[in-house]
Amino acid sequence: MRGTLHYMDPKCVHMMLDLCAKKTLTGFAKRRDFLGISDTHAERALEIMERELRGGKSLTRTELNKTLEENSIPMQTQWMYHLACYAATRGLICFGPPTTKEETFVLLDEWVTK
């Protein structure tokens with residue numbers, strides 16, 4: 001795993017996160033520091049994503065970005081990409097149903113059961 005979201009067989013997602021996420025997550029703090037994302041902003045973003053996606057909802061990257069901005073997360077260049085990847089590596093979100101324009105995100109545990 002690296003700082004990229006991957007498509008994979010849903011049966012493998014939790015196993016891959018168990019095997020690889022810990023090592024991948026160690027590099028996220030340095031990247032957040034480079035981007036100017038505080039730990040507080042990162043953790044708050046996860047809380048907002050969980051709340052907004054709960055109940056089988058899906059949001060596009062643009063909608064998720066707007067939702068974070070509306071909840072006092074100052075979305076600057078590359079913040080959405082980093083926060084989405086961080087949330088996915090933490091096992092919170094994954095890609096959801098495809099649309100014709102952009103990918104969507106859903107809660108991993110609602111979309112892919114263990």
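**Close-up A. Threonine 60 stands opposite threonine 104 of strand 3 in this predicted model.** The two strands involved here, strand 1 and strand 3 (residues 104-107), pair in the antiparallel sense over 2 bridges. Zoom out a little and you get an open sheet of 3 strands in the order 1-3-2, with antiparallel pairing. Strand 1 (59-60) and strand 2 (93-95) are the edge strands, each pairing on one side only.

**Close-up B. Phenylalanine 95 and phenylalanine 105 make an aromatic pair in the sheet strands.** Their ring centres are 5.6 Å apart and the planes sit at 25 degrees, so this pair counts as stacked. Phenylalanine 95 belongs to strand 2 and phenylalanine 105 to strand 3, 10 residues apart. Both phenylalanine 95 and phenylalanine 105 are buried.

**Close-up C. Phenylalanine 28 and tyrosine 86 form a tilted aromatic pair.** The model has 2 aromatic pairs in the count. In the pair shown here, the distance is 5.6 Å centre to centre, with 45 degrees between the planes. Phenylalanine 28 comes from helix 2 (residues 28-35) and tyrosine 86 from helix 5, so the contact ties together parts that are 58 residues apart in sequence. Phenylalanine 28 and tyrosine 86 are both buried. Tyrosine 86 has another partner to look for: the charged end of arginine 32 sits over its ring, 4.7 Å from the centre.

**Close-up D. Helix 3 (residues 39-53) has a buried face.** With 15 residues at 1.5 Å each, helix 3 should span 21 Å, and its end C-alpha atoms are indeed 21 Å apart. The buried residues of helix 3 are Ala42, Ala45, Leu46, Ile48, Met49 and Leu53. Looking down the axis of helix 3, these buried residues fall within an arc of 165 degrees, so they line one face. That fits the usual pattern: an α-helix has 3.6 residues a turn, so residues three or four places apart point the same way. Over on the other side of helix 3, Asp39 and Thr40 are exposed. Just past helix 3, glycine 55 takes a positive phi of about 90 degrees.

**Close-up E. Serine 72 sits in the loop between helix 4 (61-70) and helix 5 (79-89), and glutamine 78 is found in the loop between helix 4 and helix 5 too.** Serine 72 isn't a glycine, yet its phi is positive, near 70 degrees. Glutamine 78, also not a glycine, has a positive phi of about 75 degrees. Serine 72 is exposed, with a relative accessible area of 60%, while glutamine 78, at 37%, counts as partly exposed.

How values were computed:
Residues numbered from 1 in each chain as written. Predicted model: local features only at pLDDT ≥ 70, side-chain atom pairs only at ≥ 80, totals over all residues. Heavy atoms only, no water. Helix = DSSP H or I, 4+ residues; strand = E, 2+ residues; numbered from the N terminus. Expected span 1.5 Å × (residues − 1). Buried < 20%, exposed > 50% of the residue type's maximum accessible area, 1.4 Å probe, protein only. Arc of directions from axis to C-beta. Pairing = 2+ DSSP bridges. Phe/Tyr/Trp six-rings, centres within 6.5 Å; stacked < 30°, edge-to-face > 60°. Lys NZ or Arg CZ within 6 Å of the ring centre and 35° of its normal.
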